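Hi,

Here is the structure I promised to pass on. Have a look first, and then read on for what turned up in it.

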Amino acid sequence: MDVGTSENCFEPLFTVEFKDDKGNSLSKVKTDIIVDRDELKELAALRVGETSTIKFDAPAEACQMKISSTFKAQAVIFINLSGTIGTMPISMSLKIAPDGKVLGAYYYKKYEQQYFNGQLSFLYLTGEQNGNHITMKEYTKDGRRNGSYSGELHEDGTFTGTFTANSGEHQFSLTTDSKARSIDFSDVDIDALASMIVDDYDGCSSYETDSEDWDKILDYYERYVDKCISLAKRTQNGDIEALAEYSSLLEEAQRLSDRLSNAKDVMSSSQWSRYYRITSRMAEAASMP
């Protein structure tokens with residue numbers, strides 16, 4: 001049982017022994033369960049010199065009680081980092097839970113003002129920590145996966161490793177930065193973002209899919225290709241951030257194209273014609289940067 005605030009929690013382990021009036025042991029048990037959770041929270045909040053009370057069920061003949069306890073602190077870690085992916089400056093906020101679950105968000109510092117005034121959306125991270133090693137996947141606010149991080153969080157507060165996207169591998173190097181603007185992502189369900197695309201598409205993977213489902217996939221496919229073309233034009237004008245987004249978006253569009261191309265025999269002629277038109281435009285988008 002873990003108790004405490006969202007920032008810090010602990011796991012208590014109590015040893016309770018009851019004795020009769022002659023000092024003979026009546027019962028002795030180790031337990032991590034206390035019925036009254038509020039009592040345990042009060043205990044957790046104690047300061048030096050303060051006291052609290054915990055109630056236990058005791059044998060009727062018990063006259064003495066001996067109790068010992070240990071607590072394993074489990075702190076949730078919040079850190080702000082600044083550094084670069086390749087040559088691009090970024091700032092990142094991470095939340096690391098006691099069980100190793102990692103959530104976070106980051107932004108490109110060149111567009112810092114646009115991120116914080118809502119013109120641009122932060123890029124969200126979810127993953128896990130194993131020892132000093134952290135792996136994370138990156139998602140946009142609409143659930144699109146852009147890439148993944150794999151690196152080491154060192155004792156000196158640096159976080160280094162490799163960011164992998166469709167455009168290739170890029171080294172990142174970040175350091176703890178107390179002056180960096182912290183990103184509040186507490187109201188964002190990042191795990192839901194990570195499953196959004198899966199929910200949208202994976203239900204349509206069977207070749208027994210009906211025509212309505214294929215129309216839906218074609219809608220998504222066309223939307224991705226339209227966005228790819230828009231980003232490709234921005235990339236040609238020197239927009240580095242657009243290049244990173246374009247690469248990951250093109251990868252997702254290609255995944256949809258592959259699925260659709262394998263369903264030629266079950267799509268209607270009008271659906272197949274639409275797929276062919278969209279694919280021709282995707283080829284145009286792929287050749288632009």
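To start with a small detail: which side chain does Asn80 join through a polar contact of 2.6 Å? The partner is Ser93, side chain to side chain. Before going further, please keep in mind that this is a predicted model.

Staying with Asn80 for a moment, you'll find this residue in strand S5, which covers residues 77–85. Is Asn80 buried or exposed? Its relative accessibility is 17%, and the cut-off for buried is under 20%, so Asn80 counts as buried. Leaving out residues up to four places away in sequence, Asn80 touches Met92, Ser93, Thr175, Thr176, Asp177, Ala180 and Ser182.

Now the overall picture. The protein has 289 residues, and 39% of them count as buried. Six helices and twelve strands make up its list of elements. If you take the contacts between residues at least 6 apart in sequence, 53% join residues at least 24 apart. As for the surface, about 16,500 Å² is exposed, and carbon and sulfur atoms supply 47% of that.

Next, the nonpolar cores. The largest one holds 31 residues, and those touching the most other members are Ile90, Met92, Leu94, Tyr106, Met136, Tyr149 and Phe159. Which strand gives the most to this core? That is strand S7 (residues 101–108), with five residues. Ile90 is a good one to click on: setting aside neighbours within four places in sequence, its contacts include Leu81, Ile85, Tyr106, Tyr108, Tyr149 and Leu174. There is also a second, separate core of 21 residues, with Trp214, Leu218, Leu260 and Met267 among them.

Then there are the charged pairs. Side chains of opposite charge can pair when their charged atoms come close. In this model the count of salt bridges comes to four, and here are some of them.

Asp219 and Arg274 form one, with their closest N and O atoms 2.8 Å apart. This pair links distant parts of the chain, since Asp219 belongs to helix H4 (residues 211–236) and Arg274 to helix H6 (residues 269–286), 55 residues apart. The two ends differ in how covered they are: Asp219 is partly exposed at 44% relative accessible area, whereas Arg274, at 19%, counts as buried.

Glu222 forms a salt bridge with Arg274 as well, and here the closest N and O atoms are 2.9 Å apart. Again the pair links distant parts of the chain, with Glu222 in helix H4 and Arg274 in helix H6, 52 residues apart. Glu222 has a relative accessibility of 28%, so it counts as partly exposed.

Another salt bridge brings together the side chains of Arg281 and Asp226, at 2.8 Å from N to O. Why does this pair tie together parts that are 55 residues apart in sequence? Because Arg281 lies in helix H6 and Asp226 in helix H4. Both ends count as partly exposed, Arg281 at 31% and Asp226 at 34%. As for shared partners, Asp219, Glu222 and Arg274 are joined into one network by their salt bridges.

If you open the model yourself, I'd begin with Asn80 and Ser93, whose side chains are joined by that polar contact, and then go over to Arg274 with its partners Asp219 and Glu222.

Cheers

Definitions and conventions:
Residues are numbered from 1 along each chain as its sequence is written. This is a predicted model: local features need pLDDT of at least 70, side-chain atom pairs count only at pLDDT 80 or more; totals for chains, interfaces and linings use all residues. Side-chain values use heavy atoms; hydrogens and water are left out. Helices (H or I, at least four residues) and strands (E, at least two) are DSSP runs, numbered from the N terminus. Buried means under 20% relative accessible area, exposed over 50%, partly exposed in between (1.4 Å probe, protein chains only). A polar contact is a pair of N or O atoms within 3.5 Å; within protein, one must be able to donate a hydrogen and the other to accept it, and residues adjacent in sequence count only if both atoms are side-chain atoms. Contact means heavy atoms within 4.5 Å. Accessible areas come from the Shrake-Rupley method with a 1.4 Å probe; for residues, only the protein chains shown count as cover. A nonpolar core is a set of buried Ala, Val, Leu, Ile, Met, Phe, Trp, Tyr and Cys residues joined through side-chain atoms within 4.5 Å.
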